[in-house]
Amino acid sequence: MDRRQFLKTTTAAVAAAGLGAAPWRSAMAQAGPIKIGLLAPLTGVVASGGKEMVEGVQFYLDQVKNEMGGRKVELTIEDDASNPDTALQKARRLVEQGNCHMLIGDLLANTGLAVANYVKGTGTPYFIPIIAADDLTQRARIKNVIRVAGYTASAFTHPFGDWALKQGYKRIATISQDYTFGHEQCGGLAQVFTEGGGEIVQQFWHPLNTADFSPYLGQLAELKVDAIFAMETGADSTRFIQQYASFGLKAKTPLLMAMNGTDQSVIRTIGEEAEGIISAAHFAEGSDKAVTAKFTKDYEAKYGKIPSLYGFSMYSGMMWIDAALKKMGGKVEDRDLFIDTVLKTELDGSPLGKAVKFDAYGNPVYDVTIRKVVKRADGKYWNVPTQTYPEVGQFWKYDPETYLKQPAYSRTFQGIKKA
Amino acid sequence: MTMDPHAPRPSLLAGLTGRAAAIAAVVVIAASGLPLVLSNYQVGLATEVLIFGILAMSIDILAGFAGRTSLGHGAIFGVATYVVVYCTAQAGLPPVASFALGVLAATAVAAVFALLAVRTSGVYFLLLTLALGMIVWGVCLRWTQVTGGENGMRGDVRPVLLLGHHAFYWAVLAGAAIVSFAMWRFVRSPFGLTLRGIRDSESRMRSLGYNVPLHLFIGFTVSGFFAGVAGALYAMFNNFVSPSTVALAQSVEGVLMMIAGGVGTLFGAFVGAAAIIALENVVSAYTERWQMVLGVTFVLIMIFAPEGITGKLRNMLSRKVR
């Protein structure tokens with residue numbers, strides 16, 4: 001390479017790099033709108049849920065005409081690709097390059113935990129309406145990571161275990177995807193159920209993306225239990241519900257599922273196989289409360305589908321943040337004040353139909369409903385509440401400090417009381 | 001490191017001609033000036049480019065010089081990341097010790113891979129390394145008590161001294177310069193020449209009396225050592241590790257970076273890493289279909305520059321000069 005050529009190429013390269021950098025730099029450092037960075041898995045294994053997360057946020061912003069706390073909102077959406085490394089990189093981009101005042105979103109626990117660890121260093125407020133990892137509001141709290149309109153995985157299965165006891169069930173088997181979200185949900189149910197005198201006969205853990213459940217279903221049928229609790233998400237849930245029915249188990253053993261198992265994102269693609277499945281959650285799209293009915297109706301009119309938990313949670317999360325911003329006059333730049341205000345703010349007017357507030361650990365306290373999948377007049381299936389446990393916190397009826405001394409739920413620790 | 005190994009003292013650096021040393025020095029100096037013109041986030045990206053450049057280079061040692069493309073290097077890389085995060089976050093070891101243990105663990109895993117894989121070549125080598133990598137991934141995913149399962153592990157891995165974007169970038173740059181030089185020396189050594197001989201004709205090398213499996217074994221292990229360095233740096237970069245770091249996609253990405261840069265060009269790895277990371281970041285800002293764009297770009301590179309970006313540039317330049 002001669003010198004002239006070298007100069008030419010390097011100049012071109014440097015110029016190209018400069019051109020690429022220019023618009024990014026100039027976009028920085030102008031006050032004005034509130035900048036919100038939304039992280040959602042738009043590609044990868046949970047992409048369908050990610051899309052509904054974005055819809056939930058946009059649905060709220062449309063309603064408030066893109067204005068929160070008296071200031072315009074600038075929303076930047078980034079795809080976390082269902083991958084923690086990508087999520088981390090996108091979070092960096094939103095914070096360091098986009099200068100976002102806050103982050104919200106992520107669906108999979110591992111992506112959320114990666115981002116949470118990153119914002120621990122930067123201090124950026126990060127809101128997690130979907131990430132359910134117990135320890136984020138229990139043993140490993142981070143001040144600026146707040147679960148607005150979110151929930152801890154085991155919070156709803158505690159009352160569910162109690163409900164199962166009251167149905168007179170004595171023996172339950174569980175089947176779950178083998179990862180933390182599953183361990184935590186099963187653990188919640190197993191602990192309350194066994195402490196109340198029930199027996200967890202056997203627990204099955206299967207890898208994510210299991211195509212064929214017949215080996216598990218065969219064993220489950222042999223166990224002769226009173227009920228089966230299944231913790232499945234996404235396509236696994238669809239397949240499980242279908243195969244459970246075609247195996248003939250539906251007619252014999254009642255099926256209880258984690259709330260994500262009978263979420264709209266799952267049951268809208270299947271039919272009567274889902275009918276009658278019981279689950280426990282804070283939100284039931286089939287509730288006859290006026291606010292819930294209106295939310296469901298409006299959402300359906302706009303997006304052509306009944307809202308899922310993803311849409312609902314993101315929508316309510318945005319509402320919660322907005323309420324806090326209104327209280328403090330939109331001064332989102334004062335991070336400490338912002339975080340404190342959010343934690344002191346109640347969520348009012350959400351589709352839940354009841355005000356919600358945080359406990360001392362930054363986890364919302366909900367009325368938990370027991371829901372049943374039923375057929376709507378137009379032939380679609382949805383979750384209708386049958387019973388309510390009022391004011392359920394993440395520690396159920398346990399003393400928080402004692403509870404926190406026991407290990408986090410895992411495959412090896414399910415809180416099962418030895419008979 | 002206090003001294004730049006590329007500094008123009010050619011008489012001390014055997015094999016590095018005056019011109020090569022000058023070019024290397026210019027590149028390193030230009031690279032070390034980057035943080036002054038880039039935003040913090042872009043410095044982060046540049047750091048990532050360097051780390052993945054090292055990984056792609058380590059793959060190139062095998063692919064470009066021994067004729068064996070490994071799909072297991074992402075796993076070796078990830079083992080180092082896991083060990084470093086585990087040692088600092090769970091075992092409370094100081095960063096330097098964790099770093100050393102991480103690289104050591106990666107080298108050990110590479111040695112095991114090498115034992116199993118050196119007797120194969122071509123597509124069998126590819127498949128065997130792929131399978132071995134999948135085993136590592138499976139272990140990381142299922143051994144929840146130690147690896148944290150799907151959720152992975154977090155911790156403050158990066159030493160306090162390097163917390164700033166710029167400081168860390170310079171540290172990684174220094175590391176990259178050292179290992180690049182080491183790899184360059186390695187492939188140009190008589191040992192590296194033997195590897196090239198094996199690439200070109202294994203049977204001839206054998207009949208000349210060379211112990212082919214032993215050479216490949218050492219080559220693989222050394223390559224794994226460098227992948228381990230990259231993985232350990234990645235642990236400090238992210239302060240986080242999860243099974244996606246050891247997944248097949250990681251290995252594939254490393255191989256793609258190496259191919260895009262140019263197989264057998266060694267330093268092309270950095271060009272490939274820069275091209276892919278930049279593309280990922282720029283395109284994903286505009287469309288969620290960025291993976292499609294990435295795919296099309298690859299197809300185009302394969303059609304119009306099968307020798308990789310660096311290889312193509314080199315050919316074009318040498319043609320013009322002539």
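**Exercises on a predicted two-chain model**

Helix α11 (residues 309-327) of chain A lies across β1 (34-40), β2, β4 and β5 of chain A, and runs at about 155° to β4(A); axes are lines fitted to C-alpha atoms, for helices over the stretch in contact (heavy atoms within 4.5 Å), and angles run from 0 to 180 degrees between N-to-C directions. This is a predicted model, in which local features need pLDDT of at least 70. Residues are numbered from 1 along each chain as its sequence is written.

**Exercise 1.** Establish the strand order of the open sheet in chain A and identify its edges.

Helices (H or I, at least four residues) and strands (E, at least two) are DSSP runs numbered from the N terminus, and two strands pair if DSSP finds at least two bridges between them. The six strands follow the order β2-β3-β1-β4-β5-β6, with mixed pairing. Strands β2 (67-68) and β6 (145-146) of chain A each have a single partner strand, so one side of each is left without a neighbour in the sheet.

**Exercise 2.** Describe how β4 is joined to β5 in chain A.

Strand β4 (residues 102-105) and strand β5 (residues 126-127) of chain A run parallel and are joined by two bridges; A:Leu103 has A:Tyr126 as its bridge partner in β5(A).

**Exercise 3.** Compare the radius of gyration of chain B with that of a compact globule.

The radius is taken over C-alpha atoms, and the globule rule is 2.2 Å times the number of residues to the power 0.38. For 322 residues the rule gives a value near 20 Å, and chain B, with 19 Å, agrees. Its C-alpha atoms fill a box of roughly 55 × 45 × 45 Å along the principal axes.

Technical notes
Chains lettered and ligands numbered in written order. Predicted model: local features only at pLDDT ≥ 70, side-chain atom pairs only at ≥ 80, totals over all residues. Heavy atoms only, no water.
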